[in-house]
Amino acid sequence: MWNALRSHFETVKDRRFETLVDTARAEDFSAQAGDMRFDYAKTNIDADGRALLFDLLDKTGVAEKRDAMFAGAKINETEGRAVLHTALRNLDGQPVVVDGENVMPEVLETLDRMEKFAADVRSGAYSGQGGKITDVVNIGIGGSDLGPAMGALALRPYHDGPRCHFVSNVDPADIADVLRSCDPATTLVIVASKTFTTIETMTNARTAKAWMGETVTDPAAQFAALSTSEQGTADFGIDASRVFGFEDWVGGRYSMWGPIGLSLMLAIGPDAFRAFLKGGQAMDQHFQAAPWAENLPALLAVVGIWHNQVCGHATRAVLPYDNNLSRLPAYLQQLEMESNGKGVSMDGEDLSVNSGPVVWGEPGTNGQHAFYQLIHQGTRVIPCEFLVAARGHEDDLHHQHQLLVANCLAQSEALMKGRDLDEARGKVADKFEGAELERQAKHRVFPGNRPSTTLAYPQLDPFTFGQIVALYEHRVFVEGVVLGINSYDQWGVELGKELATALQPIVEGANASGKDGSTAGLVGFLQTNGL
Ligand code: F6P
């Protein structure tokens with residue numbers, strides 16, 4: 001399987017793929033889901049390579065495992081759980097059965113409760129001690145923060161509810177900054193934690209409760225909770241009417257479609273939130289029905305596998321030319337790296353290929369003035385993934401949006417074409433001559449032949465945003481299946497948590513003997529300086 005791909009790569013790796021890119025290829029190496037177009041023509045994948053990649057999907061059973069996931073099978077084998085974030089956007093309510101029970105009635109009932117609560121908060125029917133809720137503070141971390149925080153930014157043009165703030169870091173600077181800007185009497189605090197045990201979240205939740213208790217007689221009445229833990233939320237004192245639960249078959253980083261999305265729903269309203277769910281559902285249907293050559297999640301996955309596992313490019317840059325998607329790279333870092341950053345297969349064997357890539361990025365055009373230098377002229381190839389909308393939301397500034405789009409398309413063109421030495425000489429021939437001309441020209445050469453993909457869509461509305469998030473979720477699933485790993489556990493986060501718990505008494509003054517010299521030395525330095 002991998003050998004055939006590697007041999008194929010050897011035969012094409014020195015080719016300049018620019019020579020392939022005519023209008024026929026642009027059609028052939030693009031696919032559409034609804035009104036969203038994915039173009040991967042500017043890569044070195046050709047028809048033979050693509051066939052081998054599709055073969056990989058077939059041989060690793062991607063279609064069968066996809067169907068098993070949607071059907072509620074326990075594909076998260078290391079935790080013995082189903083993987084059913086898709087049920088949260090299954091708005092038609094088609095039965096989904098886990099352990100012999102249809103989970104859809106409960107999913108739809110919780111959605112209904114969320115919508116009623118959101119409507120009450122937004123109308124003032126539910127209020128704080130000081131009147132209508134003006135501010136919502138979502139306290140959560142990882143999947144209980146990144147999804148709704150990204151969504152609240154992405155859909156900023158649709159906000160018509162209370163202001164939403166997100167607190168995640170245990171660094172007190174985070175919560176102090178947010179609480180300073182809120183009036184406790186008109187603030188709703190949402191504690192978002194699947195487990196309701198995460199140290200950062202529970203610490204911040206207690207800080208917020210104490211802050212509110214200084215002004216508000218019954219602070220717990222201005223708290224809501226999003227969690228799988230009925231006991232934990234009750235122990236914290238939050239009334240069951242404001243607890244929105246979900247089951248263990250929703251992974252943290254896949255959870256923004258359900259109760260964890262409540263803060264987003266409060267900001268944009270239940271109707272817009274439903275449009276977001278519908279976008280996710282549309283991508284689910286596309287993923288289940290489209291043949292590989294037209295299947296966006298499968299195509300994103302095979303491009304990713306080609307670049308990382310076959311060509312050996314260790315990172316990929318996600319570059320949204322859509323400022324409202326500025327948190328997408330951070331969100332994808334968790335989605336992709338917590339899901340596919342594993343070196344052991346589902347069967348407990350060491351992986352024979354690289355695990356998932358390092359994902360990073362920033363919105364364009366900002367990145368152009370920061371790190372694109374390395375993308376264009378550095379010695380390593382960094383596959384780039386551009387996202388761009390035909391329209392922004394600022395109708396009166398459309399010409400500015402056109403400039404944004406021109407920049408996006410120019411970057412992928414520049415990465416592909418580059419600039420050779422002759423052309424570079426021409427750029428400086430009027431200023432230098434002889435050896436100095438050669439030296440100066442060399443600095444102005446762009447190697448080119450650097451791959452990129454572009455996801456283009458009409459406008460970042462709630463439906464499209466839902467499509468985009470579900471697209472990336474399914475891409476991660478496909479890549480995980482091909483690698484043979486479990487994309488739905490995260491044992492790699494445990495060790496640091498255990499050691500932090502053990503270090504807490506030491507940073508508070510207990511004896512550091514038994515710790516390694518470096519750690520003990522750092523504790524000593526920090527204590528000398530006021531820790
Ligand atoms: O430590 C990692 C993690 O478990 C993530 O997978 C999760 O999204 C995050 O912590 C927060 O967990 P919780 O929602 O249980 O507080």
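**Exercise 1. In this predicted model, work out which residue of S15 is the bridge partner of phenylalanine 386, then follow the pairing out from S14 on both sides.**

Step 1. Start with the contact itself: phenylalanine 386 has threonine 454 as its bridge partner in S15.

Step 2. Now zoom out to the strands. S14 covers residues 384-389 and S15 covers residues 452-457. The two pair in the parallel sense, with 6 bridges between them.

Step 3. Turn to S12, which spans 315-321. S12 and S14 also run parallel, and 5 bridges join them. One pair to look up here is tyrosine 321 with valine 388 of S14.

Step 4. Put it together: S14 pairs with S15 and with S12.

**Exercise 2. Sort the side chains of S14 by the way they point, and decide whether they are buried or exposed.**

Step 1. Take one direction: Cys384, Phe386 and Val388 point that way from S14.

Step 2. Glu385, Leu387 and Ala389 point the other way.

Step 3. Apply the cut-off, where buried means under 20% relative accessible area. Both sets pass, as 6 of the 6 residues of S14 are buried. That includes the charged one, Glu385.

**Exercise 3. Glu385 also turns up in the lining of the second largest cavity. Describe that cavity and say which element gives the largest share of its lining.**

Step 1. Get the volume: about 50 Å³.

Step 2. List the lining. Alongside Glu385 you'll find Val303, Gly304, His307, Asn308, His313, Thr315, Arg316, Pro357, Pro383 and Arg475.

Step 3. Assign elements. Helix H12 (296-310) and strand S12 each supply at least two of these residues. H12 takes the largest share, with 4 residues.

Step 4. Sort by class: 3 nonpolar, 5 polar and 3 charged.

**Exercise 4. Find how many cavities of 30 Å³ or more the model has, and characterise the largest one.**

Step 1. Think about the method first. Rolling a probe the size of a water molecule over the atoms reveals where empty space is left.

Step 2. Count: there are 3 cavities of 30 Å³ or more.

Step 3. Take the largest, which holds about 160 Å³ of space. Its lining has 21 residues, and those closest to its centre are Leu88, Glu106, Val107, Thr110 and Pro259.

Step 4. Ask who contributes. Helix H5 (residues 104-123) provides the largest share of this lining, 7 residues.

Step 5. Finish with the classes: the lining of the largest cavity has 14 nonpolar, 4 polar and 3 charged residues. Set that beside the second largest cavity, where the split is 3 nonpolar, 5 polar and 3 charged.

Terms used. Residues numbered from 1 in each chain as written. Predicted model: local features only at pLDDT ≥ 70, side-chain atom pairs only at ≥ 80, totals over all residues. Heavy atoms only, no water. 1 Å grid on protein atoms, 1.4 Å probe; cavity = no way out; pocket = protein on both sides within 12 Å on 5 of 7 lines; lining within 4 Å. Points joined across faces, edges and corners; volume = space filled by probe spheres on them. Buried < 20%, exposed > 50% of the residue type's maximum accessible area, 1.4 Å probe, protein only. Pairing = 2+ DSSP bridges.
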